[in-house]
Amino acid sequence: MTITITAFERSPDGGKGLARDTRVRWALEEVGQPYEVRLVSFKAMKEPAHLALHPFGQIPTYESGDLALFETGAIVFHIAQDHEGLLPEDANARARAITWMFAAVNTVEPPILGLANARLLERDKPWTNERLPILADRVRDRLDQLSTRLGGADWLDGAFSAGDLMMVSVLLRLRSSGLLDEFPNLASYVARGEARPAYQRAFAAQLAINSRS
Ligand code: GTB
């Protein structure tokens with residue numbers, strides 16, 4: 001069955017791989033599933049055809065046969081459940097990997113988004129300069145905790161899993177802030193994720209679209 005995902009017609013990041021279709025592409029590459037991409041403009045995202053797929057008018061979405069999904073956590077989870085390679089066989093290890101997926105999107109990503117939004121969207125607000133250090137410290141607290149848990153391990157819980165895929169994807173958003181470099185084991189963790197051939201293919205595929213002139 002053909003898998004089709006949606007992505008920005010042109011990502012505002014110019015191909016840095018930060019838009020969330022990259023994590024879905026990465027999951028599909030890890031499990032060796034070919035996929036098609038339907039590019040959507042910001043305008044089309046808010047129109048009925050796309051809203052029927054994504055109630056919040058965003059990318060990415062995932063379609064396969066009569067199944068349509070939105071939310072990258074749910075999409076990556078579905079891919080990982082359907083194919084070998086992203087979740088361990090052992091039931092407890094599988095549950096822990098899923099826990100890390102939720103931790104990535106529910107616990108680590110929100111403060112990172114708070115900081116990113118303040119830097120990108122609220123720069124001109126009178127309160128931003130005062131608020132930025134508070135938001136950065138919120139991110140630092142989470143990174144400190146995550147760094148302690150990861151310690152010297154390569155991945156969060158044994159072999160690479162969908163939990164790592166989601167966590168690395170979330171942490172990548174921090175690169176331009178410099179915060180990741182304050183935690184060398186997390187910087188190496190992210191670099192390990194980026195070095196995976198499946199990530200490289202996913203990154204190259206989104207770059208090919210976003211670097212067109
Ligand atoms: N919780 C949802 C999920 O995980 O799927 C969030 C989806 C989401 O935020 N989608 C964004 C979107 O469609 C694109 S990825 N935004 C358009 C809109 O809401 O109107 C977020 C994103 C956008 C741009 C950059 N960037 O330029 O660096 C990075 C990340």
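Two strands pair if DSSP finds at least two bridges between them. The exercises below concern a predicted model.

**Exercise 1.** Determine in which sense strands β1 and β2 pair, and which residue of β2 is the bridge partner of Thr 6.

*Solution.* Step 1: locate the strands; β1 covers residues 3-8 and β2 covers residues 36-40. Step 2: examine the pairing, which is parallel and extends over five bridges. Step 3: find the partner of Thr 6, which is Arg 38 in β2. Step 4: follow the chain from β1 to β2; the path passes through helix α1 (residues 21-30), and this β-α-β crossover is right-handed.

**Exercise 2.** Classify the relative orientation of helices α5 and α7, and describe the residues of their contact.

*Solution.* Step 1: α5 spans residues 91-121 and α7 spans residues 162-172; the angle between them is about 10°, and their axes lie 7 Å apart. Step 2: angles under 35 degrees count as roughly parallel, and α5 and α7 are therefore roughly parallel to each other. Step 3: the residues in contact include Trp 100, Val 108 and Ile 112 from α5, and Met 166, Val 170 and Leu 171 from α7. Step 4: sorted by character, the contact residues comprise 13 nonpolar, one polar and one charged.

**Exercise 3.** Decide whether Val 139 is buried or exposed, and identify residues that it touches.

*Solution.* Step 1: Val 139 belongs to helix α6 (residues 128-150). Step 2: buried means under 20% relative accessible area; Val 139 has 1% relative accessibility and therefore counts as buried. Step 3: leaving aside residues up to four places away in sequence, Val 139 touches Pro 111, Ile 112, Leu 115, Leu 174 and Leu 179. Step 4: Val 139 and Leu 179 are separated by 40 residues in sequence, while their C-alpha atoms are 8.2 Å apart in space.

Definitions and conventions
Residues are numbered from 1 along each chain as its sequence is written. This is a predicted model: local features need pLDDT of at least 70, side-chain atom pairs count only at pLDDT 80 or more; totals for chains, interfaces and linings use all residues. Side-chain values use heavy atoms; hydrogens and water are left out. Axes are lines fitted to C-alpha atoms, for helices over the stretch in contact, and angles run from 0 to 180 degrees between N-to-C directions. Helices (H or I, at least four residues) and strands (E, at least two) are DSSP runs, numbered from the N terminus. Angles under 35 degrees count as roughly parallel, over 145 as roughly antiparallel, 65 to 115 as roughly perpendicular and the rest as oblique. Contact means heavy atoms within 4.5 Å. Ala, Val, Leu, Ile, Met, Phe, Trp, Tyr, Cys and Pro count as nonpolar, Asp, Glu, Lys and Arg as charged, and the others, Gly among them, as polar. A crossover is right-handed if, with the strands pointing away from the viewer, the path from the first strand over the helix to the second runs clockwise. Buried means under 20% relative accessible area, exposed over 50%, partly exposed in between (1.4 Å probe, protein chains only).
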